[in-house]
Amino acid sequence: MDSFPRGAVDCTTANSWGPTGKGGPIILTAHEMRIAESVVNGRSNREIAGEMRVTQRTVEFHITNIYRKLGISRRVQLPDALTRLSERDSNPR
């Protein structure tokens with residue numbers, strides 16, 4: 001059984017190698033998931049930072065990590081990427 005950090009979400013990649021070419025699952029932390037959901041709900045980085053009481057730079061850092069982990073490069077791609085992850089989590093191989 002795989003062991004993931006507390007608060008992490010185990011998400012299966014679109015292919016066996018994942019977006020970084022290293023293989024294995026994509027792991028989004030609970031904090032990254034909250035930020036991703038805020039982005040999908042139309043919040044700006046500044047709004048997210050205010051709501052979470054962190055700096056805007058911290059939000060930008062997390063969003064960059066989310067994009068890298070999901071293999072996307074634009075904010076508009078995030079809803080589809082999260083939908084695919086949700087579908088994979090509910091339909092294990």
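Here is a walk through the helices of this structure and the salt bridges among their side chains. Keep in mind that what you are looking at is a predicted model.

Let's start with the pair formed by α1 and α3. Two packed helices are described by the angle between their axes and the distance between the axes. For α1 and α3, that angle is about 95°, and the axes sit 10 Å apart. Angles of 65 to 115 degrees count as roughly perpendicular, so α1 and α3 are roughly perpendicular to each other. To find the contact on screen, pick out H31, E32, I35, A36 and V39 on the α1 side. Their partners across the way in α3 are V59, H62, I63, N65, I66 and K69. Sorted by class, this contact of α1 with α3 comes to six nonpolar, three polar and two charged residues.

Two residues on that list deserve a second look: the side chains of E32 and K69 meet in a salt bridge, at 2.8 Å from N to O. This pair ties together distant parts of the chain, since E32 belongs to helix α1 and K69 to helix α3, with their positions 37 residues apart. Is E32 buried or exposed? Its relative accessibility is 4%, so E32 counts as buried. K69 comes out at 18%; the cut-off for buried is under 20%, so K69 counts as buried too.

Now move on to α2, which spans residues 45-52. Here N45, I48 and A49 are the buried ones. Why do they end up on the same side of α2? Because they cover an arc of only 100° around the axis. What do the buried residues of α2 pack against? They have α1 (30-40) and α3 (56-70) as neighbours. Turn to the face pointing away from that buried side, and you'll meet R46 and G50, both exposed. Just past the end of α2 comes R53, and its backbone does something worth checking: phi is positive there, about 55°.

A good place to see α1 and α2 come together is S38, which is found in helix α1. With a relative accessible area of 11%, S38 is buried. Leaving aside residues up to four places away in sequence, S38 touches R43, I48, E51 and M52. I48 is one of the buried residues of α2 that we just went through.

Two other names in the S38 neighbourhood pair up with each other: R43 and E51 join their side chains in a salt bridge, 2.6 Å from N to O. How accessible are they? R43 is partly exposed, with a relative accessible area of 33%. E51, at 45% relative accessibility, counts as partly exposed as well.

How many salt bridges does the structure hold? There are three, and the one left to visit is between the side chains of E60 and R57, at 3.9 Å from N to O. That value falls within the 4 Å cut-off for a salt bridge. Both residues lie in helix α3, three residues apart, or about one turn of the helix. E60 is partly exposed, with a relative accessible area of 29%, while R57 is exposed at 55%.

So α3 takes part in two kinds of pairing: E60 with R57 inside the helix, and K69 with E32 across to α1.

Key:
Residues are numbered from 1 along each chain as its sequence is written. This is a predicted model: local features need pLDDT of at least 70, side-chain atom pairs count only at pLDDT 80 or more; totals for chains, interfaces and linings use all residues. Side-chain values use heavy atoms; hydrogens and water are left out. Buried means under 20% relative accessible area, exposed over 50%, partly exposed in between (1.4 Å probe, protein chains only). Helices (H or I, at least four residues) and strands (E, at least two) are DSSP runs, numbered from the N terminus. The arc is that of the directions from the helix axis to the C-beta atoms. Contact means heavy atoms within 4.5 Å. Axes are lines fitted to C-alpha atoms, for helices over the stretch in contact, and angles run from 0 to 180 degrees between N-to-C directions. Angles under 35 degrees count as roughly parallel, over 145 as roughly antiparallel, 65 to 115 as roughly perpendicular and the rest as oblique. Ala, Val, Leu, Ile, Met, Phe, Trp, Tyr, Cys and Pro count as nonpolar, Asp, Glu, Lys and Arg as charged, and the others, Gly among them, as polar.
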